[in-house]
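Hi everyone, thanks for coming. Today I'd like to walk you through one protein model, and please stop me whenever a term is new to you.

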Amino acid sequence: MIMTQYVLPPPAVSVVPVLGTSEVFPVRRILCVGRNYAAHRAEMGGDDRDPPFFFAKPADALVTPGSDVAFPSMTSDLHHEVELVVALRAGGADIPVADALDRVFGYAVGFDLTRRDLQAAAKDKGHPWDASKGFDQSAPISAIRPWSGPAPQGRISATVNGQSRQDAVVSDMIWNVAEIIAQASRLWCLAPGDLIFTGTPEGVGPIARGDEVAGAVDDVGELRFKVL
Ligand code: MN
């Protein structure tokens, strides 16, 4: 047997707790959908000719439940985006929509934290979004609730210091969960451990140091963190 000799300790695998168990879900990649609710697309200046699209965050951007979030560097406009997160137990390429939900392990509630000022600057220059989306601690997430059958359809909401900021229904998504998985699998070969943040509804806005942020999706769970 050939033993691998690392020149450095290998990086830790990012994990997310599984609700109601002592087990954890190991994360491979994080994909995110942009502009997947019409009212959010409109508030971001888009229109109905703009289909949703994908971007990515590194797996080590996750913040596990119960941990707080350090206000990130290089921004004065940090935004909350509450999202339904899909956790895949299986993957593949060119997955038919009709088979897509078979790949789902479960669902979580997450925030796609965004350095909106850096995103605006990147858009202006036609530069990549990575620094505005894929920064450290940019992806707080709840425990994953194991799930089979039709995807969640209910209310998705976010509050800051107890005040409502986002309040919509998952069924308003432009691409539904099965369509998202099918679309993503045409661009990448998906694999067990992949997470997909499915986009945020309208009402995104700034958060500051000291704020208490909470998000919830009906039947899936809730997530709370403080910005330090
Ligand atoms: Mn988002």
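I'll begin with the metal site, then turn to the strands, the salt bridges and a patch on the surface.

Please keep in mind that this is a predicted model.

So, which residues hold the manganese ion? Its coordination comes from Glu81, Glu83 and Asp112, through their side-chain oxygens, at 2.0 to 2.1 Å. If you follow the sequence, the spacing of these donors reads E-x1-E-x28-D. Glu83 sits in strand S7, residues 82-88, while Asp112 belongs to the loop between strand S8 (104-111) and strand S9 (114-115). Those two residues are 29 residues apart, and the pair links distant parts of the chain. Are Glu83 and Asp112 buried or exposed? Both are buried.

Let's stay with the strands around there. S7 and S8 run antiparallel, joined by seven bridges. One place to look is Ala87, which stands opposite Gly106 in S8. On top of that, S8 pairs with strand S11, residues 145-146, again in the antiparallel sense, over two bridges. There, Gly106 has Pro146 of S11 as its bridge partner. How many of the eight residues of S8 are buried? Seven are, so this strand is largely enclosed by the rest of the structure.

Now for another sheet. It is an open one with four strands, in the order S13-S12-S16-S17, and the pairing is antiparallel. At the edges you find strand S13 (163-169) and strand S17 (221-226), each of which pairs on one side only. On average, neighbouring strands here are turned by 10 degrees against each other, if we ignore direction. In the middle, strand S12 (residues 155-160) and strand S16 (residues 212-217) share five bridges. For example, Ile156 has Val217 in S16 as its bridge partner.

Next, salt bridges. As a reminder, side chains of opposite charge can pair when their charged atoms come close. How many salt bridges does a search of the whole structure find? The count is seven.

One of them brings us back to the sheet: Asp167 and Arg155 meet at 2.8 Å, N to O. Asp167 lies in strand S13 and Arg155 in strand S12, so this pair ties together parts that are twelve residues apart in sequence. Asp167 counts as partly exposed, at 40% relative accessibility, and Arg155 is partly exposed at 40% as well.

Another takes us back to the metal site: Lys133 and Asp112 meet at 2.8 Å, N to O. Lys133 lies in helix H4, residues 130-133, and Asp112 in the loop between S8 and S9, so parts 21 residues apart in sequence are tied together. Both of these residues are buried. Through shared partners, salt bridges join Lys57, Glu81, Asp112, Arg116 and Lys133 into one network. Lys57, from strand S4 (residues 53-57), is buried, with a relative accessible area of 4%.

For contrast, look at Arg49 and Asp47, whose side chains meet at 2.6 Å, N to O. Arg49 is exposed, at 69% relative accessible area, and Asp47 is partly exposed, at 29%.

Last stop, the surface. Val13, Val15 and Val24 make a nonpolar patch of about 240 Å². Val24 is in strand S2, residues 24-26, and is partly exposed, with a relative accessible area of 47%.

That's my tour, and I'm happy to go back to any part of it.

How values were computed: Residues are numbered from 1 along each chain as its sequence is written. This is a predicted model: local features need pLDDT of at least 70, side-chain atom pairs count only at pLDDT 80 or more; totals for chains, interfaces and linings use all residues. Side-chain values use heavy atoms; hydrogens and water are left out. Donors are N, O and S atoms within 2.8 Å of the metal (3.2 Å for Na, K and Ca); water is not among the atoms, so sites may look incomplete. Buried means under 20% relative accessible area, exposed over 50%, partly exposed in between (1.4 Å probe, protein chains only). Two strands pair if DSSP finds at least two bridges between them. Axes are lines fitted to C-alpha atoms, for helices over the stretch in contact, and angles run from 0 to 180 degrees between N-to-C directions. Patches are made of residues with over 30% relative accessible area and no salt bridge: like charges are joined within 9 Å, nonpolar side chains (Val, Leu, Ile, Met, Phe, Trp, Tyr) within 5 Å. Accessible areas come from the Shrake-Rupley method with a 1.4 Å probe; for residues, only the protein chains shown count as cover. A salt bridge is a side-chain nitrogen of Lys or Arg within 4 Å of a carboxyl oxygen of Asp or Glu.
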